[in-house]
Amino acid sequence: MAALRALRWRRLPGLAPRRLRSTAEPPEERPQFPGASAAFSERLEFIQPQVLAGIPVYRVMDRQGHVLRDTEDPQVTRVTRDTHTCPGALTCAHLSHLCPPVPTCPQLPREEVLKLYRTMTLLNTMDRILYESQRQVRPGTMGTPGHTWALTWALTWHTWGRISFYMTNYGEEGTHVGSAAALDANDLVFGQYREAAVGAAYAIKRADASRAVVCYFGEGAASEGDAHAGFNFAATLECPIVFFCRNNGYAISTPTAEQYRGDGIAARGPGYGLPSVRVDGNDVFAVFNATREARRRAVAENRPFLIEAMTYRIGHHSTSDDSSAYRSVDEVNYWDKQDHPISRLRLFLQRRAWWDERQEQQWRQSSRKMVPFWGEIPR
Amino acid sequence: MNLFQSITSALDNALAKDPTAVIFGEDVAFGGVFRCTVGLRDKYGKDRVFNTPLCEQGIVGFGIGIAVTGATAIAEIQFADYIFPAFDQIVNEAAKYRYRSGDLFNCGSLTIRAPWGCVGHGALYHSQSPEAFFAHCPGIKVVIPRSPLQAKGLLLSCIEDKNPCIFFEPKILYRAAVEQVPVEPYNIPLSQAEVLQTGNDVTMVAWGTQVHVIKEVAAMAQEKLGVSCEVIDLRTILPWDTETICKSVAKTGRLLISHEAPLTGGFASEISSSVQEECFLNLEAPIARVCGYDTPFPHIFEPFYIPDKWKCYDALRRMINY
């Protein structure tokens, strides 16, 4: 049938025009190449990157903490959908199709959700205290009678903080805590070290079929060859690993527009054979649901999964960075005020009457004391 | 057995003894481009002997990850010339894993094997001897055998060593060198040089293929000059056996070091520097280094490039007459 269509052949430079394909060949003929066997096409068409653009962002809550679809509420117990019967899960050829997520997490009871909140806020508190601790000059440690004032000032300014270097998590608490809550206690966690994470996953697959590896990295680290090697090895060697990419908008000062031109990191996964999803990283339930399901399937199917959690880095890259040099304070404030993972979860908790202002104040007081050096930092 | 068969035998022993041990790299499944892994996949299964994608960085990184869980990882890099994409993984990850975690974690059960050295027609990218790059990296071990018997014992020691090891295999000897080699496992200790022949006048040090060259030079020196040479195979490049070398030079007063790798920054310079510190007053002549030239490894000019027995003999003669 297709053979009888009038074909317009572009004349490729240096080549004679092609003859029409013989109509005697069976119409269901498929390519036999060992490298790929998708159907033949007689139209020269470059796949535009936009085909992959806009992998949607999975979320459970809106910014005011409303759960938008009951089936996604982690407090609801759900039946596991058998992935082999899901038409989209393993065989889907359409890059834009996404199988509707059916999380199979067990119920996240109230105490677990409160634990999520306390952990996120404790992390935030820890960040404040330890960041200040790194910054702090300890008075009196260098003062000796012989020094001039200027020399003393210079020496104390230089290295007398408690910590040499610190990186905060401001704005990204949802990604860390939501995903961590979805893991098992025996799972292995790698921060960076993408290829090593894959090797570890391979080894634990041989040793124990119930454990998973999760590997965290940023959208900047995803540009390194390590990520390419990690994705490809994980897929070819069938490793139970969840790659968790925190896309927070910046790699130190480099914005995403200078880091990549494709549709983020999630779009790369299918290229390697990884089922991939993009989630709202500031929605701790979305992160939890996605990580839980990815982990379950990674172990069940011995294959890697990719989660790209979209979020925003509210703090500086580290204590050696001042981000006002490359982004506006307005942009930072927007995210801090309009879409913060802790705020969204607190709104959810308040809606359910699981948390109130009194508990908030009590927790703020008690959580500070759990962090080292808290007593040395002025409130 | 020849050299590649002795390697296969060592790997066979390792996989038999240690159920966590796995072998991986490019083309290892069918037996390897140098036949070092022939028969192992059939014997131990495809989850233990398997191909990886073409990515040295991935091969070594993946191997580090396996080793971190405590399993034994035996990675093959197809030619030592291709090890450089994995340089970051070796130097920044493998070598520093234990140190940076305060011994909480380590990748000591990682061994990386690679064919090494000149082969007659290898040219720029199938002939290199990169041991000097890795000698500069605390945290790993670098080992180079001279023969099948040595290779099996040293490889088994590398595999069992609690540090990540790089094991370079002289590819020109894969088929050419044949010896009686036990089929049972045995170990040859690392960081111990071997004195192959004692002598009083000149110490000659080499490793891998070049050991056979200096053995021949020692015979020539004895016959033509009446000079008795002490011939030493260094065997482990890092950490190297300073004691054996220095003791020998203290006795003979003359040292000749020879390697195929380029002269500048080659491992002979490390040995030379350390020996002159330890044995300065014992030296009768400047330490001689007979090495490859400071150029890429040539194709058609290989016979002129390599430190052959005539170049070594010439250097020895100048040392004797100094």
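Helices here are DSSP runs of H or I at least four residues long, numbered from the N terminus. The model is predicted.

**Stop 1: a helix in chain B.** Select α10 of chain B, residues 242-252. Its buried residues are B:T244, B:I245, B:C246, B:S248, B:V249 and B:T252. Residues three or four places apart on an α-helix point the same way, because there are 3.6 residues to a turn. Step just past the end of α10(B) to B:G253, where phi is positive, at about 80 degrees.

**Stop 2: what lies over that helix.** Now show the surroundings of the buried residues of α10(B). The cover includes the chain B strands β7 (194-197), β8 (202-206), β9 (229-233) and β11 (255-262). Helix α11 (267-279) of chain B is also part of the cover.

**Stop 3: the contact between the chains.** Select the residues where chain A and chain B meet: 19 from chain A and 26 from chain B. Between them the two chains bury about 1600 Å², with 66% of that on carbon and sulfur atoms. On the chain A side, colour A:Y202, A:R206 and A:F233, which lose the most area to chain B and together account for 37% of what that side buries.

**Stop 4: polar links across the interface.** Keep A:R206 selected and add B:D47. The two form a salt bridge, with their closest N and O atoms 2.9 Å apart. The rule finds 1 salt bridge across this interface, and 8 residue pairs in polar contact.

**Stop 5: the chain A side by element.** Select β2 (188-191), α4 (194-207) and α5 (225-236) of chain A, the elements that each give two or more residues to the side touching chain B. The largest share, 9 residues, comes from α4(A). Coloured by class, that side of chain A shows 12 nonpolar, 4 polar and 3 charged residues.

Notes
Residues are numbered from 1 along each chain as its sequence is written. Chains are lettered from A and ligands numbered from 1 in the order in which they are written. This is a predicted model: local features need pLDDT of at least 70, side-chain atom pairs count only at pLDDT 80 or more; totals for chains, interfaces and linings use all residues. Side-chain values use heavy atoms; hydrogens and water are left out. Buried means under 20% relative accessible area, exposed over 50%, partly exposed in between (1.4 Å probe, protein chains only). Contact means heavy atoms within 4.5 Å. Buried area is the accessible area (1.4 Å probe) that two parts lose on being put together, summed over both. A salt bridge is a side-chain nitrogen of Lys or Arg within 4 Å of a carboxyl oxygen of Asp or Glu. A polar contact is a pair of N or O atoms within 3.5 Å; within protein, one must be able to donate a hydrogen and the other to accept it, and residues adjacent in sequence count only if both atoms are side-chain atoms. Ala, Val, Leu, Ile, Met, Phe, Trp, Tyr, Cys and Pro count as nonpolar, Asp, Glu, Lys and Arg as charged, and the others, Gly among them, as polar.
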